[in-house]
Amino acid sequence: MRADAVRNLELVLTTGARMLADDPATSIAAIAAEAGVDRRTVYRRFASRDELLTAVYEARLDAIEAAVEAARLREAPVPVALHRYVEGIVGVNRKWPVELSKMRLEPQIWARRMRAVEEVELFLRRATEDGLLRPGLPVGWPGHVLGQLLHLASRELRDLSDAQAADVIVDTFLRGFGAA
């Protein structure tokens, strides 16, 4: 793809993510107008609104997978990996604010999401084994709470950079689940 076509695609997808998060019934025409491209440009790439929506979810998953990989959850020191992961996901949530739970009916997308969730759960088990998190918590609870903190902070801590928001989230998370 030409550079301008790549730029337009990225703009359509990020605009679509933002608008669809606000109103799931947003039309392709409205997304194209907001992105500053002709709707025919969007229809050349996406035959339907559902195809555009799927592309938005796939782009979000690509970004999540990149953040998980960059955090090095399996090999980096646990506190470093936790902060890197949280900072990366705050950035993902801000750029791609659509919620993946709406894609349960798309098996391939849902499977990718669940692989990312499992990677984080494995990391949180490692964090417990390494003594950063206290043992004995209900299975899955720290991961669920961390996910909610990430979503909340991505919306509510807009005045903070991704790194500053990560500082707040990690501090809050460790005060709730950290080892004494």
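**A walk through an all-helix fold**

Let's start with one pair of neighbours: helix 7 and helix 8 cross in a right-handed way. Before we go on, keep in mind that you're looking at a predicted model. The axes of helix 7 and helix 8 come within 10 Å, crossing at roughly 150 degrees. Angles over 145 degrees count as roughly antiparallel, so helix 7 is roughly antiparallel to helix 8. On the helix 7 side, the residues that touch helix 8 are Trp141, Pro142, Val145, Leu146, Leu149, Leu150 and Ala153. Their partners in helix 8 are Ile169, Thr172, Phe173 and Phe177. Sort that contact by class and you get ten nonpolar residues, one polar residue and no charged ones.

Now zoom out. How many helices and strands does the protein chain have? There are eight helices and zero strands. Read from the N terminus on, the elements run α-α-α-α-α-α-α-α. The C-alpha trace spans about 60 × 35 × 30 Å along its principal axes. The chain has 180 residues, and 42% of them count as buried. Take the contacts whose partners have a separation of 6 or more in sequence: 70% of those are between residues 24 or more positions apart.

Next stop, the inside. In soluble globular proteins, nonpolar side chains tend to be buried together. Here, the largest nonpolar core has 54 residues, and the ones that touch the most other members are Leu13, Tyr85 and Val86. Which elements give two or more residues to this core? They are helix 1 (3-22), helix 2 (28-35), helix 4, helix 5 (78-95), helix 6, helix 7 (141-156) and helix 8 (162-177). Helix 4 provides the largest share, with twelve residues.

Find tyrosine 85 if you'd like to see one of these core residues up close. What does tyrosine 85 touch, once you leave aside its neighbours within four places in sequence? The list is Val68, Ala71, Leu73, Val120, Leu146 and Leu150. One name there should ring a bell: Leu146 also sits in the helix 7 contact with helix 8.

Tyr85 turns up again where helix 5 meets helix 6. These two helices pack at an angle of about 145 degrees, and their axes are 10 Å apart. Helix 5 passes helix 6 in a left-handed crossing. In helix 5, the touching residues are Val78, Ala81, Leu82 and Tyr85, while helix 6 brings Val120, Phe123, Arg126 and Ala127. By class, that contact has seven nonpolar residues, no polar ones and one charged one.

Helix 6 (residues 107-129) has another partner: its axis and that of helix 4 (residues 49-71) come within 10 Å, crossing at roughly 20 degrees. Since angles under 35 degrees count as roughly parallel, helix 4 is roughly parallel to helix 6. This crossing is left-handed. On the helix 4 side you'll find Thr54, Tyr57, Glu58, Leu61, Asp62, Ile64, Glu65 and Val68. They meet Ile109, Arg112, Arg113, Ala116 and Glu119 in helix 6. What classes of residue make up this contact? The contact has six nonpolar, one polar and six charged residues.

Finally, let's visit a few single spots. Arginine 72 is in the loop between helix 4 and helix 5. Most residues other than glycine have a negative phi. Arginine 72 isn't a glycine, and yet its phi is positive, at about 55 degrees. Is this residue buried, exposed or something in between? Its relative accessible area is 37%, so arginine 72 is partly exposed.

Back towards the start of the chain, alanine 25 lies in the loop between helix 1 and helix 2. It has 61% relative accessibility, so alanine 25 counts as exposed. In sequence, alanine 25 and arginine 49 are 24 residues apart, while in space the C-alpha to C-alpha distance is 9.4 Å.

Asparagine 8 belongs to helix 1. With a relative accessible area of 26%, asparagine 8 is partly exposed. How far apart are asparagine 8 and alanine 32 in sequence and in space? They are 24 residues apart along the chain and 9.8 Å apart in space, going from C-alpha to C-alpha.

Terms used:
Residues numbered from 1 in each chain as written. Predicted model: local features only at pLDDT ≥ 70, side-chain atom pairs only at ≥ 80, totals over all residues. Heavy atoms only, no water. Axes fitted to C-alpha atoms, helices over the stretch in contact; angles between N-to-C directions. Helix = DSSP H or I, 4+ residues; strand = E, 2+ residues; numbered from the N terminus. Parallel < 35°, antiparallel > 145°, perpendicular 65-115°, else oblique. Left-handed = near helix turned anticlockwise from the far one by under 90°. Contact = heavy atoms within 4.5 Å. Nonpolar A, V, L, I, M, F, W, Y, C, P; charged D, E, K, R; others polar. Core = buried A, V, L, I, M, F, W, Y, C linked by side-chain atoms within 4.5 Å. Buried < 20%, exposed > 50% of the residue type's maximum accessible area, 1.4 Å probe, protein only.
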